[in-house]
Amino acid sequence: MIQFLKYLFTISIILLSSCTQITRLELPVISITLSSKSIEIYPQSIKELTAIISPASEPQEIIWKSDNTAIATVSEKGLVTGVSEGQTIIRAVFKYDESKSAQCSVTVAKTPDIKAIEWPPETTLSKGETIWYSFQAETGKTYSIRWNDKSGNSNSVTNLTDIVVSAYKSDKITPYFEDIDSAYIVPQTIISSEDGLIYIKITGYRISDAGNFSLRFICHDDYPIETLSIIENNITLMEEFSIKLTISTTPIEAIQSCIWSSDNKSIATVSTTGLITAISAGSTIIRAISTANSSKLAQCFITVLPINHLSNNEWHDNSIESDEVQWYSFEGKAGRTSSIYWNDDYEGDNTKTCSVRVSAYKSNKIDTYFTNENYGYRTPQKITPPVNEKIYLKVQGYGSNSIGTFAIKFLCQEDLSITSLTINDQKLTLIKASTHTLKPTIFPSEAIQNVSWTSSNTSVATVSDAGVVTGIANGTAIIKATSTQDNTKSAECIISVKSDFTLENTIWTANSLQNDEVQWYSFEGIAGKTYSIYTNDNLQGDTTKTANIEVSAYKSDKINSYFNNKAYGYSSPERIIASENGKIFLKIDGYWSHSSGTFAIKYLCNNEIPIESVNITKIPSTTFESTTYQLQCSITPLLAVQIVTWSSLNESIATVSDNGLVTALTPGTAVIRATSTNDPLQYADCSTTITPPISLTSNEWTDGTFITGEVSWYSFDGISGKTYSIYWNDDNDGDNKKTADIYVSAYKSDKIDSYFYKKAYGYKSPRTITPSENGKIYLKVEGYWSDSSGTFAIKYLCNNDIPIESIDIVTNSLIIRECITSQLEYSITPLIAIQTVNWSSLNESIATVSDIGLVTAQYPGTTVIRATSTNDPLKYSDCSITVTPSTSLTTNVWFDDTLISGKIQWYSFDAIAGKTYSIYLNDKNQGDNSKTATIYVSAFKSDKIDSYFTNQYYAYNYPEKITPSENGKIYLQVKGYYSNSSGTFAIKYLCNSDIPIESIQIKNNKSTIPESIKHLFEYTITPENAIQTVIWSSLDESIAIVSNDGVVTALSPGTTMIRATSTNEPLNYVEHSITITPSIALTVNEWTDDTLINRENKSYSFDVVAGKTYSIYWNDWYNTKTAHLYVSAYKSNKIDSYFDRQSYGYTSPRKITPSENGKIFLEVQESWANYEVTFAIKYTEN
């Protein structure tokens, strides 16, 4: 209405404007455009028309009209519906001006028939459109309707849309089916109930859907069935599982329905739709008979396998093949949790070989509790069914180990029967007011472990829900634990509560300990008997205790102890042997100073435990004379006294020590006996045969067999001074024919002192010994490994008995440079002869030789080096040695050379006593970057022994300086910085004393110095390679003195000259004038404020009287000033000090007591600031 009024108002304004001759407003030109000018639809079909009004600013309101509603109608929104065949016009009229309209020609055509079998051409569905199809049907015949749309499975139609389909009887009202969205793979089947048309209605799945689709139908009765078959003709199925069978006909258009039956319904049943359900293990046949032709039959062979039914908490072991699936089941109960465990190669007890995945299904075998879990041994999968139902477990191989063994089980604690219940203590003594925790154990361990506790006498002892028993009063009470799961299962502990701390044999006494508390317990001991002391605490016990304790055991005097401060006494009790009749006292205190909590203690008399047997172990079958071996003894049970008395029944053959160490004396058979000290009737004997060592023959192999754990002995006669080689052939080192791995040791005749000990590898490189005395050499053979055994061979050879054929020095002539060393090598044939020589030089002034053949060239000349056999002095070999002079250096001239890895090179130059020489190196460490060797240099005097310096490097920029004390040669030794250094380098020397001095300059040339202050003067000499030393002097030492290193001390006011004179050129010197200013006088007990600039020094003084004490104060940055002061105090001579360079003098003044009358001088120095700073200083008389 508002829009209409607006429209009238606009017309009125236009008319008014016309009357008053004002500028005229033009009416807008309105037009209507339809989405289609003509459409074709079918009866009951719907198609949407849209209208657009221009301009867009006008109201978009249309009135739709049909010229003939008997043919087609139109809704308010432009939806055109076909009514009957014919033609009409649909009009769109502008609501506010009916002269403005548009029209569409509508043709309502006959509903199209669907083509049977062949797909008709694709049809296009418009947005919001409904399309009808029809086909002629006959009563009782079967028809399949199939369509291809976006949800179908065909690529033959492009631009597909999603459709829904309905089928109606001829009245177009009664449906066969409605709103089905997919029937491409599985068509919709109907049986016509009348002769006439069947109407098919097509609409978009959504209102917005538009695009292409196809539709067809088949009448199955038109295709007689020729054959019937079941696609799955042989099936294996697990019990309780189902599978749907599928039939196939030829032709495929024939009727697909059949009647199903089972030959044995106790094995498998089949439904009317072909769904097979496996009932029990066995085989049967499922048959199908065509409903269209009963002569057409098909069958399927069914094998039903039994399903694996699991029992609560029982492992089911099995094996699985690749790609195999196994099923297991158990009865789940509503609300009760079952844990599913499996043991496989992924996670388990390392006995299984297959890796599996497990899934758990509900009774419908579709819905799952969990799927494809890999790990279920340590952390089982838990399920809680909401109803009573069968649970199915699916097991499949997984990964590379999908074939092998596994095990599976389920556990429902609430359904698990309890077999027994025990308590950790059956009898217990409890100290009044103390507590003890009883620990129940329920079997099986997987069952619910909850118990309820009761006390038979709560006035004596009470028990909490956690099993904590509290002693109330003296007396006896029975504490009972009853399973909450099964009240027929229970266990009891007898509790004795008492006030004293006396222990009873084998019975735990429980108590609690406070921080820093000490408790004493006692029991009666009998001299000679053995007692074990047990403790149960937080350190070691049954996990019910909370205190950490130590135990000490004392004799009856409570002073002398059996043991002190022992912890961890639960599984390893302390044992004592009572030395007297009387009480044994046990002291309990905290393991740490603040231990507190509960504990228990008991003792056990081991003598009261009957001995069942005594056993001797580690018994060798044979041993060799003069050797020892250790026997070990065990007594069962372990709680019995473990002490035995050792004895030998044949002491002339073997003796035995108190701890079982047997010493073999002479060949024969000895019986060693171990007798229980607690029960002399209990003993064990062992017999050992003692044999003499096996005697060896020189240079002949002796074969032997080694047995694990045993030792073999061999011997031969040795002569003092001769050399013997010991060979052995075993699996480690030999001819590959032996199987034992052995160690060999060689002993002197006392079998104690050894030549070598436990050596391996003696075949290619025998062990050599030279005895210092005549007598037997003993060889001991033992296993290289703890489990060594097998065959070996051993021999010895006297090398001195082998004649020497020749000695050859590898180099028969050698030219070496002065100072150089060279190693001579030699060989002696045959190799088994004595291989040692004595080296000598026929002229040691030219070359010397060491005991190992190292030749050192001394001075130029020729000599002979000789190697003489130590075993046969008539056998020797000579080498001619020529020594050439060392390389001579020229002053200030670089000598380039090359260093060979491992070599030493020598250089020399002539030097004059008192002159200074600089040694320069140019190498990879420091130089001009042209050299490749990294070297050390050493400088030696003319004797080549005494050195000026050794192993110096970095001598290019910083040369080494020497000043010889005698005329003669200086020798320079060059060697690699590393053992494998090699490459190029250069060396030179320079006589600094020969370099003329051009100038001397004094640096730090301070012209004014306060009295008593010290100042360092420095200098430079040019050129740099001239002698750089000077002699300092003062021309007036009453004013200032100067030290050898240039430190000037200002003594008294005045002016003097400080001189620096070259030590090399006494006529070359430099002078500097300094003026000494008086120190600043201080007034007693008055602060003197002052400043320092650029770390300068200032001097202050005051008069003192001998014997009086004076305090020196200063105020700097530690208080209110900015300076960082060092203060020194000097006597009147300005040299000796009372204190030197002290800090912090404000709150802790420095005190001095002079021993003489005079002045005290104070030197004040800024420690680090390079700017103006403030301070104050004063002194007081104490």
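**Aromatic rings and their partners**

In this predicted model, the charged end of K751 sits over the ring of Y778, at 4.5 Å from the ring centre. R866 does much the same kind of thing with Y876: the charged end of the arginine sits over the tyrosine ring, 4.2 Å from its centre.

Rings also pair with one another, and a search of the whole structure turns up 56 aromatic pairs. Take F501 and Y521: their ring centres are 4.8 Å apart and the planes meet at 65°, so this pair counts as edge-to-face, the cut-off being over 60 degrees. F501 belongs to the loop between β44 (490–498) and β45 (508–513), while Y521 is in strand β46 (residues 518–525), so the contact ties together parts that are 20 residues apart in sequence. As for solvent, F501 is partly exposed, with a relative accessible area of 28%, whereas Y521 is buried, at 1%.

W894 and Y920 make another edge-to-face pair, because their planes are at 75°, with the ring centres 6.4 Å apart. This pair links distant parts of the chain, 26 residues apart: W894 lies in the loop between β80 (887–888) and β81 (895–899), and Y920 in strand β83 (residues 917–922). Here W894 is partly exposed, with 30% relative accessibility, and Y920 is buried, with a relative accessible area of 13%.

Ring pairs can also join up into a group: F241, W327, Y361 and Y392 are linked into a cluster this way.

Methods: Residues are numbered from 1 along each chain as its sequence is written. This is a predicted model: local features need pLDDT of at least 70, side-chain atom pairs count only at pLDDT 80 or more; totals for chains, interfaces and linings use all residues. Side-chain values use heavy atoms; hydrogens and water are left out. Rings of Phe, Tyr and Trp (its six-membered ring) pair if their centres lie within 6.5 Å; planes under 30 degrees apart count as stacked, over 60 as edge-to-face and the rest as tilted. Helices (H or I, at least four residues) and strands (E, at least two) are DSSP runs, numbered from the N terminus. Buried means under 20% relative accessible area, exposed over 50%, partly exposed in between (1.4 Å probe, protein chains only). A charge sits over a ring if NZ of Lys or CZ of Arg is within 6 Å of the ring centre and within 35 degrees of the ring normal.
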